[in-house]
Amino acid sequence: MDNAEEKTGPNSVLEQRFRLLTIAGRRRAFKLEPAFWRALEQMARQREERLPTLVAQLVGDGAGNATARLRVAAVEWYAQQSQASRVQKQKGLWQRVIDLMSEPAFIIDQSKRILLFNGAMRALVVDSGAHSQIRLELSAEVGRILAVFRENEQKVLSIPGVLTTGQRPLQAKIRITLLEQVDGRALLLCALHTLPSESNR
């Protein structure tokens, strides 16, 4: 079994520690700070792999600086975890916002994927008897909508759209608000402002 071999000295988060791991049938020593080892161990658990297997994948053919590759992988993993945590917190916040709205409302990304929706929207989908994915069509491309927000400092746009739930297309005036736009990632709040009656469809 591969175990950590700790270097003697003061217990410090900056103290590098050796670990002997069996890589491709050969014992190899790696020297990293504890924070990097923790990240690699958590990565391995997340992937349901043993630490030596993960390390073997990360260091590749062994050319170059193996410990540098492991450090980079650990830093990237910490960054991904931080981003995932931030997104999850933001989702909780936006869900609370749309839950306060009385009209059917949902949040989409720049690919028009519906990420979150409120109770009124859920009731609309249930009433339509939909069992398949909801599809959204807007009268303008999302890229153009984002450009209008950016260029005109617009707060809210109201545009025609079609929301298809199951086999039932719903013509609607959709009120769109830009929630956030960071690093090419955008979140848009959409509220169905008006829906035609059944007799008008």
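How many helices and strands does the secondary structure of the protein chain come to? Colour your view by secondary structure and count along: there are 5 helices and 9 strands. Keep in mind as you go that this is a predicted model.

**Stop 1: the whole chain**

Start at the N terminus and follow the chain along. Its elements run β-β-β-α-α-α-β-β-α-β-α-β-β-β. The protein chain has 201 residues, and 36% of them are buried. Now think about contacts between residues at least 6 apart in sequence: 43% of these join residues that are at least 24 apart.

**Stop 2: the largest nonpolar core**

Next, select Phe106, Met121, Leu138, Leu163, Ile174, Ile176 and Leu192 and show their side chains. Within the 24 residues of the largest nonpolar core, these touch the most other members. Which elements should you highlight around them? Try S4 (105–109), H4 (119–127), S6 (135–138), H5 (142–152), S7 (156–165), S8 (168–182) and S9, since each of these supplies at least two residues of the core. Helix H5 is the top contributor, giving 5 residues.

Now centre your view on Leu192. Setting aside its neighbours within four places in sequence, Leu192 is in contact with Glu103, Pro104, Phe106, Met121, Leu124, Leu163, Ala172, Lys173 and Ile174.

**Stop 3: another core**

Apart from the core you have just visited lies another one, made of 18 residues. To find it, select Phe36, Leu40, Met43 and Val59, which are among its members.

**Stop 4: Glu33**

Select Glu33, which you will find in the loop between strand S3 (26–32) and helix H1 (34–47). Is Glu33 buried or exposed? Glu33 counts as buried, because its relative accessibility is 15% and the cut-off for buried is under 20%. Show Gln16 as well: the side chains of Glu33 and Gln16 make a polar contact at 3.0 Å.

**Stop 5: a cavity**

For the last stop, look inside. A search of the whole structure for cavities of 30 Å³ or more finds 1. The largest cavity has a volume of about 30 Å³. To see what lines it, select Lys91, Trp94, Ile107, Leu115, Leu116, Arg185 and Leu187. Helix H3 (66–99), strand S5 (114–117) and strand S9 (185–194) are the elements that give two or more residues to this lining. Colour the lining residues by class, and you will have 5 nonpolar, 2 charged and no polar residues.

How values were computed
Residues numbered from 1 in each chain as written. Predicted model: local features only at pLDDT ≥ 70, side-chain atom pairs only at ≥ 80, totals over all residues. Heavy atoms only, no water. 1 Å grid on protein atoms, 1.4 Å probe; cavity = no way out; pocket = protein on both sides within 12 Å on 5 of 7 lines; lining within 4 Å. Points joined across faces, edges and corners; volume = space filled by probe spheres on them. Helix = DSSP H or I, 4+ residues; strand = E, 2+ residues; numbered from the N terminus. Nonpolar A, V, L, I, M, F, W, Y, C, P; charged D, E, K, R; others polar. Buried < 20%, exposed > 50% of the residue type's maximum accessible area, 1.4 Å probe, protein only. Polar contact = N/O pair within 3.5 Å; in protein donor to acceptor, adjacent residues only side chain to side chain. Core = buried A, V, L, I, M, F, W, Y, C linked by side-chain atoms within 4.5 Å. Contact = heavy atoms within 4.5 Å.
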